[in-house]
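Biologist: I have a protein model open at the bench. Could you take me through it?

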Amino acid sequence: MEQVIANGLYLGAQYALIALGLTLIFALMNVLNFAHGQMYVLGGFVTYTIYGRLGLPFPVALAASCVTLGVVGALIEKFLFRPVVRRSEREESTMLLAAAVAFFLDAVILLLFGEKQRGVPKIVNGVFVSDQLIMPYDRIVVGVVAIAMIAAFVLYMQYSRPGRAMRALAQDRTAAQLMGVNVDRYSMIGFALGALLAGAVGSLLVTITGVNSGIGGPISIKAFLMVMIGGAGVVGGAIAGGFILGMMESVGLTVLREYGDITYLVIFALLMVFLSIRPNGLMGKPWG
Amino acid sequence: MISRRIALKSMALGAASALAIAGMLASAQAENKKLKIGFVGVTSGPAAAWGTSNVRSMQVRADWLNEKGGVKIGDDTYDIEIVTFDDQKDPKRAIAGMEKMAEQGIHYVVGPNVDDGAAAVRPVAESKGIIYFPYSFPKALYTPPASNAVLGMVANYQSAPAIYKYLKENKGVTKVAFVAANESDPLSQRDGGVEAAKALGLEVVAQNDTYPNDTRDFTPVLTPIVQLKPDLLVLSGVAPANAPLLIRAARELGYEGLISAETAQDATVLQEGAGELANGFISVGGASTPEIRSPEMEEFIDRYTKKYGEYNDESNTKVYALEYIVETLKANPAAIDNVEEYKKTMETFSAPNPFVKEGTLKYVGMTSFGQKRQISVPMVVTEFKDGKFDTLFVGEVD
Amino acid sequence: MTATAKLFASAALLLLLLVGVPLFINATGRSDLYYTLTSVALLSIISAGVWITFYIGRINIGQGAYALMGGYVSAILVMEYGVSFWVTLPLAGLFCMAASVLIGLPILRLRGVYFAMVTLVLTEVARLLALALPITNGAKGIVSIPQPGRIGLFGLTIVPDFATLANPRFAFYVVSVLLMALCFAALYRLKNSRIGQLCQSLQQNEELASSIGVNITYLRVLAYAISSFLGGVGGAMFAAISQSIYPSSFTVADSINFMLNCFLGGLGYVFGPMLGTFVLYFGWDLLFQTGEFQLLIFSTILIALMLLLPNGLLSLRLSGRPKATAAAPPAHRQEEAQARSTAAGRASS
């Protein structure tokens, strides 16, 4: 059982980090970023190239992934989402744009990095073994880094100037604008930050699960689930959603395995029931 | 002066004759007819690897044959042109792809790569007179009254009994656990594997465990299975991208038994994803290993690597479909636009296999399907060792 | 456009599809177009369902679930109970309708992305159910479904047995086009009916609509049920064409595509889903010769379209003309929108 809980915690940490970037972009711009998973994949491939192929140290690769995705995110916001948000009658229209961006990134990644599954050497060797618990050291490292990044992100949003501006933006766009917040600038920073987080997770996880060009879409969908559980557009919700989903998978796969392949069916059904009872997730904005 | 004139003359002559020869060559090239061979399958999205290795091996082999002056079928020489269609793993698109092939006058199509696509294109293929070579195992596709599909590889219900028998006899395996993705192809293959294991008197300790195909972390899935301590963990229908992740997760959880798969895998992917943890992994690793391959196969791998930067071991099997089509057409030129002729030829066809040191190309499948609707490729069971596949044994399907 | 002119235009389009296209195909020998256009017709029917849910202000990414359900209902009735396909077609729709009432009652309380995500999950639930339930034959799917049989009345053959036809593709094409015409005529009628106007009030402000006495629960469920009916019918037709159905016949990717079709065509226009489906599906098909660059070109064009026409392809025709035809944008944004679309028209011309 300890093993199951440890698995769940580890899964939860990585899920929460994936969901954070998605929820940030949603909170700021009401854009459901279908391309989030593709950004994760791109981050993974940048690390693969720098750490796996060129043999540079892993922190360099991690930084490079973050920077690349931050820039990509900023460009996508400035040249694609901003004009479309401004001109479309219904803000849901950005979903088509987000999906198109997802297809585009998929295509670029497939052409640049090929169709094969890629992996990199482990960052730390060895496995922690005790009577109840087995955990490879690299997972522990990645889990700790993920939690540290989550904490840093929360602190940044709480206390830094851009963080406060972004929170104001998320609460009420018009009011924030009236109070002198540069909406365009902070939307761009927020989008860049969201993309950067996606790149960071991709970079961290490539050391454990590798990466391949096709997993972007499924990752996005999983991230949507976590965001829904916790409540869209709320940082705390994304973190809670990530850990809840991680734990449900871990426990469900152990407890329900006797009954065949119904774990995910149960998880999804529970999610639907839960959202019917609490239409805004655990702590979401009332509109959603 | 004279000598100079002669020199000029001879130079002009030389140039003219060179031009003429070039022209003749060019016209000879231009005279070659085109033989279009189709591909309908998945080359984008999460399963892109399957179709991509198909397309690339077809392309490499076609270029190679064309470079040698084309293929002589009957009285005509043909250049081979590969027409590809990406169905995005969507059966509805696969039908559209097959219709496109028919419209282009193509009678021989490689693919689709998955069960639902292969089933969906059947009506089109039968009404439009197309023989297709799916990489999908359901027997209904190949047993009468179906007659236009030819299985392009060794099915898992053919390889699994051989592998389990070998492991039972040589490695003392008694307890087997199965794990599969919760999609049609892997689940069907798991059921086939469970049946084969039970028939051999092996104890099946886990057969209901599944994972979504997009799982990235397999520790939660494997934790309960590893605790059952099976001797053999079978990864049914595992996608090449998932195999290293599963192996790594199982080993890191302390699993010490054997791991096997009945689908083709790629050595580089295994090495990058699981490293030395993948050592000892048993799979029907394509239809080729250094021990049995011919110089022709070496050259194919070489050309593939040159053209695309990196080889894919799945292509060991996937190079065969095009070869069978071309060789069968050579044996019976009337089949070039008449699949009924092709079907007749399949009954008796036999030709030397260029890709192995010794072997023949022939159609098989009597035991499994009651008719010859499968291409014979060497069933090479391999063991992964330090980035390479070592041959355990070579079998054959009848 | 006056009502007569619209009627005339619709009749002309139908005539073109039923007579013009077959003549064109016969002349050029492009017989593969039959299936492509059949797909477009059926997918636009399914997308039309999504459009209805957009009309009540819900983003529906769950239509694939009903298409799959409809396909299975039809396939099971034909295979297990020997029911004629033509009977199963409406039955599949009705079954989905009933299911959607049960599912819709709780989940239609959700809005925005929550509804979108729950419906997305619904697609996955449908696939997993199809894998797990005994009646669907699980992972092995249902294959070798016979072609639609004959319909006769007093010994007269109204619809021949498809298996005896020389070209069943053409027959499927005709049936699909007729279904599409029926579907969009009904949709047009619905939009301009009292219910349609009430639905639009939901799109703008549910609380307000409720406070002036609109039974919003009833309306929401009704719209969702009609939407699911269309999904089920479309799915059943696909099962008949491919003579097989698998749990993966309609997936999340399909659900997302149905939604994108509506966006691309324009959410404010009844014919939006039809045009959107045509462009998305045909666009992908036309690009098939570009091989490995297909997806890259396709997505680039999509992004460009979005930048030029963020309100859908059909918003193009608004540029020069007064706003009378479209009822799309919420009232308070209408003026703004009009100003913008004129500007967009100028910019793009």
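Biologist: How far apart do the C-alpha centres of domain 1 and domain 2 of chain C lie?
Modeller: Those centres are 24 Å apart. Domain 1 covers 1-29 and domain 2 covers 31-292 of chain C, with bounds from an automatic or database domain assignment. This is a predicted model, in which local features need pLDDT of at least 70, side-chain atom pairs count only at pLDDT 80 or more, and totals for chains, interfaces and linings use all residues. Residues are numbered from 1 along each chain as its sequence is written, and chains are lettered from A and ligands numbered from 1 in the order in which they are written.

Biologist: How many residues of each domain are in that contact?
Modeller: Domain 1 of chain C gives 7 residues and domain 2 of chain C gives 8, where contact requires C-beta atoms, placed from the backbone, within 7 Å.

Biologist: And what classes are found on the domain 1 side?
Modeller: That side of domain 1 of chain C has 6 nonpolar residues, 1 polar and no charged. Nonpolar denotes Ala, Val, Leu, Ile, Met, Phe, Trp, Tyr, Cys and Pro; charged denotes Asp, Glu, Lys and Arg; the others, Gly among them, are polar.

Biologist: Turning to chains A and B, how many residues does each give to the contact?
Modeller: Chain A contributes 30 residues and chain B contributes 32.

Biologist: Which elements of chain A give two or more residues to that side?
Modeller: They are helix 1 (2-29), strand 2 (134-136), helix 8 (183-209) and helix 10 (235-255) of chain A. Helices (H or I, at least four residues) and strands (E, at least two) are DSSP runs, numbered from the N terminus.

Biologist: What is the class make-up there?
Modeller: The side of chain A that touches chain B holds 11 nonpolar, 12 polar and 7 charged residues.

Key. Contact = placed C-beta atoms within 7 Å.
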